[in-house]
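Morning, everyone. I'll take you through one protein today, from the overall layout down to a single side chain. Have a look at it first.

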Amino acid sequence: MPGGSPLITILLVEDNEADIELALRGLKRAKLQNRILTVRDGVEALAFLRRQAPHQDAPRPDLVLLDLNLPMLDGRAVLVSIREDPGLRELPVVVLTTSDSDQERFAVGAADAFMTKPVDFGQLAKIVGMISDLGWSVVSLSRLRSKQT
């Protein structure tokens, strides 16, 4: 892996197949070898994170990439649930959306980062690289804090 960083597990919460494919291609093109798992709606995302059926054996992700416009339970509600859950609240979450409005950013203020969805592979590769770096540094700090308490 470039830079010698440890591999991280990324949970992509996205319902749009084209956006999933774009993200996977972007990861490959960026030569990032992180493990990426995908769920397609907000209810499934919370079941995955809480290791509820059918995700009892799911690994805990180091980073969540969360689309806001999801079926069944939207990304805003998923983010609120993550931040209210003592077992999940330290999990780094990067919100992905098609809007970069100030109103949208305010609505997802509990996220660690906010990114508009890219329109090309080059831009996606840069964003994925930044997310990977952000995710690992935040995860490392969270784990250190957990060991101290």
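Let's start in the sheet. Strand β4 and strand β5, residues 113–116, run parallel, and four bridges join them. One pair to find on screen: V95 stands opposite F114 in β5. Keep in mind that this is a predicted model.

Now step back for the layout. The protein has five helices and five strands. Read from the N terminus, the order is β-α-β-α-β-α-β-α-β-α. There are 149 residues, and 44% of them count as buried. The accessible surface is about 8,100 Å², with 53% of that belonging to carbon and sulfur atoms. What about contacts across the sequence? Take those between residues at least 6 apart: 66% of them join residues at least 24 apart.

Back to β4, and to its other partner. Strand β3, residues 63–67, runs parallel to β4, again with four bridges between the two. Here D67 stands opposite L96 in β4. Put helix α3, residues 75–84, together with β3 and β4, and you have a right-handed β-α-β unit.

Is β4 buried or exposed? Count the residues from 93 to 97: five of the five are buried, so the strand is largely enclosed by the rest of the structure. And which way do they point? V93, V95 and T97 go one way, while V94 and L96 go the other, and all are buried. As background, side chains in a regular strand alternate between the two faces of the sheet.

Next, the helix in that unit. At the start of α3, D74 puts a side-chain oxygen within 3.2 Å of the backbone nitrogen of R76. Further along, which residues of α3 are buried? They are G75, V78, L79, S81, I82 and R83. These buried residues pack against α2, residues 42–49, and also against β3 and β4.

That brings us to the cores. In soluble globular proteins, nonpolar side chains tend to be buried together. In this model the largest nonpolar core has 21 residues, and V13, V64 and L66 have the most contacts inside it. Which elements supply at least two residues each? Among them are β1, residues 9–13, along with α2, β3, α3 and β4. The top contributor is α2, which gives four residues. Apart from this core lies another, with eleven residues, including L12, I20, A23 and L96.

Take V13 as an example. Skip its neighbours within four places in sequence, and V13 is still in contact with V39, D41, A45, V64, L65, L66, D67 and L70.

Last stop: R83, which sits in helix α3. Why does this arginine count as buried? Its relative accessible area is 19%, and buried means under 20%, so R83 falls just inside the cut-off. Where does its side chain go? It reaches the backbone oxygen of R89, at 2.9 Å.

R83 has other company too. Beyond neighbours within four places, its contacts are L88, R89, L91, V93, A110, A111 and D112. Note V93 there: that residue belongs to β4, and it is buried. A111 is 28 residues away from R83 along the chain, yet their C-alpha atoms are separated by 8.9 Å.

That's the tour. Over to you for questions.

Key: Residues numbered from 1 in each chain as written. Predicted model: local features only at pLDDT ≥ 70, side-chain atom pairs only at ≥ 80, totals over all residues. Heavy atoms only, no water. Buried < 20%, exposed > 50% of the residue type's maximum accessible area, 1.4 Å probe, protein only. Pairing = 2+ DSSP bridges. Right-handed = clockwise from strand over helix to strand, strands pointing away. Contact = heavy atoms within 4.5 Å. Areas by Shrake-Rupley, 256 points an atom, 1.4 Å probe, with all protein chains shown as cover. Polar contact = N/O pair within 3.5 Å; in protein donor to acceptor, adjacent residues only side chain to side chain. Core = buried A, V, L, I, M, F, W, Y, C linked by side-chain atoms within 4.5 Å.
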